[in-house]
Amino acid sequence: MTNSNPSPRKPSEKVSHAIHRTGKRIALTGGSGRVGTALRRILTEKVAAIKIVDTADPGPLAANETWDQVDISEGEALAACLTDVDAIVHLAGYPNERGIEDILRVNVLGTHNVLDAARRNGIDRVVFGSSNHAVGFYPRETRVSDADPMRPDTLYGLSKCWGELEAGLYFDKFGIRTLNIRIGNAGDRPTDARALRIWVSPRDLAQLVLIGLEHPDITCTTVFGVSQVEAGWLDNSTAAALGYIPADSAQSLAGPDNAQERPSPLPHIAEFFQGGRFCVIDHDGTLRGRLR
Ligand SMILES: NC(=O)c1ccc[n+]([C@@H]2O[C@H](COP(=O)([O-])OP(=O)(O)OC[C@H]3O[C@@H](n4cnc5c(N)ncnc54)[C@H](O)[C@@H]3O)[C@@H](O)[C@H]2O)c1
C-alpha cells in the first residue's frame with residue numbers, strides 16, 4: 001500500500017480544501033453510474049489510478065482507468081479484484097427505493113463486502129457514498145447535523161444507515177478509516193425546490209472525496225455532500241472542520257423551475273420532511289411528529 005501523504009501532519013492540524021490530488025490508486029465501485037461518471041471526469045486527474053468496479057460498462061476509459069466487471073454482492077470476487085488499490089470509494093448500489101431483497105443483497109451485503117474486502121486486503125481508507133435519506137424523516141424546519149440520530153425515510157435510507165454503522169464497526173475493530181458522505185442531490189445544477197437546499201456539484205463532491213482519501217483526522221466520520229446552499233437544512237460543520245469549502249452555489253445555478261416542488265401524491269408529507277418524495281413511498285398519509 002502506498003502512503004501518499006507527502007509529509008506527516010499533526011492530528012490537530014486542519015487541512016485546507018485545497019487537497020488537489022493524491023498518489024493513491026483507488027477503486028471506484030459504481031463508477032459507471034451517474035455520480036461515478038461525473039466524479040471520474042475530475043478524479044482521473046487527481047488520483048494515481050481508478051479501478052472501476054461495476055456490473056455496467058463505464059464506456060470510454062481515461063489512460064489511468066480500468067474496469068472490473070464485478071457484482072459487489074459477490075464477496076469473494078470483489079475481494080479478489082481489490083488486491084492492488086490503496087483506497088475504495090464506494091458508490092455502487094441502488095440509488096433509490098427497492099424491495100427488501102434487492103436492498104439487502106446489493107446495498108447492505110454489497111457494502112459489507114466492500115468493507116470486508118478492505119479488511120482482507122489491508123486497505124485502510126474507504127469513502128462511502130451515503131445519502132441524505134439516512135436522515136430524511138427530519139422536518140425541513142430542523143437543522144440536522146451528523147451528530148443527530150439517523151432517521152431514514154426508506155429501506156434505501158436504512159441501508160445507508162447500515163453502511164455508516166458498519167464503517168464504524170470496521171474502524172473500531174480493524175482501524176479502517178471511512179468518510180461517510182451523505183450525498184444530497186448530485187447533478188450539474190439543482191432542478192427543483194428541494195434540490196436547492198441539498199444540491200452538490202461534481203467538483204464539490206470530488207473535493208469531499210479527496211478529503212476522505214487523505215485527511216488524517218478521519219476515523220469513521222460523517223459529512224453532508226452539499227454545495228453552498230441558502231437556508232439549508234443540514235449543518236455541515238464537520239465537513240468545514242475537515243477543510244471543506246464548497247466552490248459552487250446552488251442559488252447561482254438555479255433555473256426558473258427551481259421554485260417548484262416536484263409533484264407528489266402526499267404533498268403535506270413530501271414538503272414537510274427533508275426526504276421529500278422518498279418519505280411518501282408507502283406512507284399512510286398521517287403527518288406525525290416525534291421528539292428528537
Ligand atoms: N444521485 C444522487 O443524487 C445521490 C444522492 C444520494 C446518494 N447517492 C448515492 O450515490 C451512489 C451513486 O448514485 P447514482 O445516482 O450514480 O446511481 P446510479 O444508479 O447511476 O449508479 C449506481 C451504479 O452502481 C452499479 N451497481 C448497481 N448494483 C451493482 C452491483 N451489485 N455490483 C456492482 N455495481 C453495481 C450500477 O451499474 C451503476 O453504475 C449510490 O450509492 C447512491 O445511493 C446518490
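Q: When are two strands said to pair, and how many bridges join strand β7 to β10 in this model?

A: Two strands pair if DSSP finds at least two bridges between them. In this predicted model, strand β7 (residues 177–183) is joined to β10 by 6 bridges, and the two strands run parallel. One position where this can be followed is Thr178, whose bridge partner in β10 is Cys220.

Q: Is strand β10 mostly covered or mostly open?

A: In a regular strand the side chains alternate between the two faces of the sheet. Strand β10, which comprises residues 220–225, is mostly covered, since 6 of its 6 residues are buried.

Q: How should I read the overall dimensions of the chain, and why can it be called as compact as a globular protein of its length?

A: The chain has 9 helices and 11 strands. Its radius of gyration is 18 Å, close to the 19 Å that the globule rule gives for 292 residues, and therefore the chain is as compact as a globular protein of that length. Along its principal axes the C-alpha trace spans about 50 × 40 × 40 Å, and buried residues make up 48% of the 292 residues. As for contacts with a separation of 6 or more, 67% of them are accounted for by residues 24 or more positions apart.

Q: Which residues come nearest to the ligand, and which elements supply its shell?

A: There are 23 residues around the ligand, of which Gly30, Gly33, Val35, Ala56 and Ile183 come nearest. At least two residues of the shell are supplied by each of α1 (34–43), α3 (100–121), β5 (125–131) and β8 (185–186), and α1 gives the most, with 3 residues. By character, the shell divides into 9 nonpolar, 11 polar and 3 charged residues.

Q: How do I decide whether a loop residue such as Ala250 is buried or exposed?

A: The reasoning rests on a count of neighbours, because a residue is buried if 20 or more other C-beta atoms lie within 10 Å of its own. Ala250 lies in the loop between α7 (237–241) and α8 (267–270), and it has 25 other C-beta atoms within 10 Å, so Ala250 is buried.

Q: Which residues does Ala250 touch, and how far is its C-alpha atom from that of Phe224?

A: Leaving aside residues up to four places away in sequence, Ala250 touches Pro190, Leu196, Trp199, Ser227, Gln228 and Val229. Phe224 is 26 residues apart from Ala250 along the chain, and the C-alpha atoms of the two are separated by 15 Å.

Methods: Residues numbered from 1 in each chain as written. Predicted model: local features only at pLDDT ≥ 70, side-chain atom pairs only at ≥ 80, totals over all residues. Helix = DSSP H or I, 4+ residues; strand = E, 2+ residues; numbered from the N terminus. Rg over C-alpha atoms; globule rule 2.2 N^0.38 Å. Buried ≥ 20, exposed ≤ 12 C-beta atoms within 10 Å, placed from the backbone. Contact = placed C-beta atoms within 7 Å. Near = placed C-beta within 6 Å. Nonpolar A, V, L, I, M, F, W, Y, C, P; charged D, E, K, R; others polar.
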